[in-house]
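User: Please take me through the reasoning behind the terms used for this model. I should like each value set against its definition.

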Amino acid sequence: MITPMSRILPAAVTLAVAFSSLSFADSLPKESFGQFEGKDVYLFTLKNASGMTVKITNYGGTVQSISVKDRHGKFGDVVLGFNTLDEYVQKAGTAYFGALIGRYGNRIAHGIFKLDGKTYHIPTNDNGNALHGGKVGFNRRVWDAKDVSEPGKPALELHYLSPDGEEGFPGNLDVTVRYSLDDQNGLHIDYYAKTDKDTVLNLTNHSYFNLVGAGSATILNHKLSIDADQFTPVDKTLIPTGKLENVAGTPFDFRHATDIGARIGKNNEQLKLGKGYDHNFVLNHPGDLNHLAVKVEEPKSGRVLEVFTTQPGVQFYSGNFLNGKVSGIGGIYRHRSALCLETQHFPDSPNHPNFPTTVLHPGEEYHQTTIYKFSTE
Ligand code: GLA
């Protein structure tokens, strides 16, 4: 007897569904995001039990979207990003939206540093300095991606082998970055690296947050707290002078929650040099992942972002170079319509022996962790 197709099909479909839910229940949905320099680029979705989603592409290890609830339970995307790979390649320009930054996050003065008596030159790309890794940083590389999710813990592991001499940096650098999402709405970023020669390293993520939603007006009404008694003042090209300055009595005192806009227009030399806030804060509890380093509260949506990190510093950048010429997910990205909290070592550390060291030796394993945790109040 010939079994009618209609009777085979449902069984096959049921089997396929059962199989996929057995083997892939905790795997990450992945869609094609195009190709870059002959390599496949994907967009992965990490989703937790409460519905928070984080979308990450292996182009630049970029966080494309973070969707979290507001106080009424309505989901909204709170980071700037683009819907297409082409826009990341063509339009991101010098903004680094959501990207992984390396080898050296932030600036190295004149792109020059000395290590073990040798002088190294990194291509300059920012007022005569090297910014965020030189001309072609990790934000413009395609990373190998691996789904390393466990039951209830969506996770994506990205890997990049930066060859000896790339952008002028010494040593073959083997970098792994693991993004994972917990059930408390925390996005964990674990950075690991190993080298085969002495080198310098400062990895970070460059997400731009607006807790009202990407494309909303300004972040000047966001309330910010930073657990830092000091910051590193800069010169006119945003290179630290080397001094650690007390925040007390200055517009850089965020030890109590303060509106970002409250003092940004003050007649203050550092604010003028930064065109607003674009400064590294010296965290009071470096290395302590249990200590709240930064908190952002947005009164309208009720959304709250808390940052925990093992890093000694955080670059608070108030989106001063956004100018309304670029639009992306959510709308037009206007002046100060998003803020960055780049957890990191201090800018230009290789040229400041008094700053915590960024040197990595062969045989050592670099490991830093940052958690961006979302809630409402
Ligand atoms: C960092 C820098 C800023 C700016 C942005 C990207 O935050 O400190 O000056 O270059 O990156 O636009």
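User: In which loop is asparagine 185 found, and what makes its phi notable?

Analyst: Asparagine 185 is found in the loop between strands β13 (173–181) and β14 (186–195), where a strand is a DSSP run of E with at least two residues, numbered from the N terminus. Its phi is positive, about 65°, although the residue is not a glycine. Most residues other than glycine have a negative phi, and most peptide bonds are trans. This is a predicted model, in which local features need pLDDT of at least 70, side-chain atom pairs count only at pLDDT 80 or more, and totals for chains, interfaces and linings use all residues. Residues are numbered from 1 along each chain as its sequence is written, and side-chain values use heavy atoms, with hydrogens and water left out.

User: Which residues does the cis peptide bond join, and what is its omega?

Analyst: The cis bond joins glycine 102 and arginine 103, with omega about -5°. Arginine 103 belongs to the loop between β6 (100–101) and β7 (107–108).

User: How do you know that β18 pairs with β21 and with β23?

Analyst: Two strands pair if DSSP finds at least two bridges between them. Strand β18 (residues 223–226) has two bridges with β21 (residues 258–259) and four with β23 (residues 292–297), so both cases satisfy the definition. Each pairing is antiparallel. Lysine 223 has aspartate 259 as its bridge partner in β21 and glutamate 297 as its bridge partner in β23.

User: Why are β17 and β20 said to stand at the edges?

Analyst: The open sheet of six strands runs in the order β17-β28-β25-β22-β19-β20, with antiparallel pairing. β17 (208–209) and β20 (245–246) each have a single partner strand, so one side of each lacks a neighbour in the sheet. The antiparallel pair of β19 (residues 228–232) and β20 has two bridges, and glutamine 230 stands opposite asparagine 246 in β20.

User: What makes the approach of arginine 107, histidine 132 and glutamine 315 to the ligand a polar contact?

Analyst: A polar contact with the ligand is a pair of N or O atoms within 3.5 Å. A polar side-chain atom lies from a ligand oxygen at 2.6 Å for arginine 107, at 3.0 Å for histidine 132 and at 3.2 Å for glutamine 315; the criterion is therefore met. The protein covers 97% of the 300 Å² of accessible area that the ligand has on its own, by the Shrake-Rupley method with a 1.4 Å probe.

Notes:
Polar contact = N/O pair within 3.5 Å; in protein donor to acceptor, adjacent residues only side chain to side chain.
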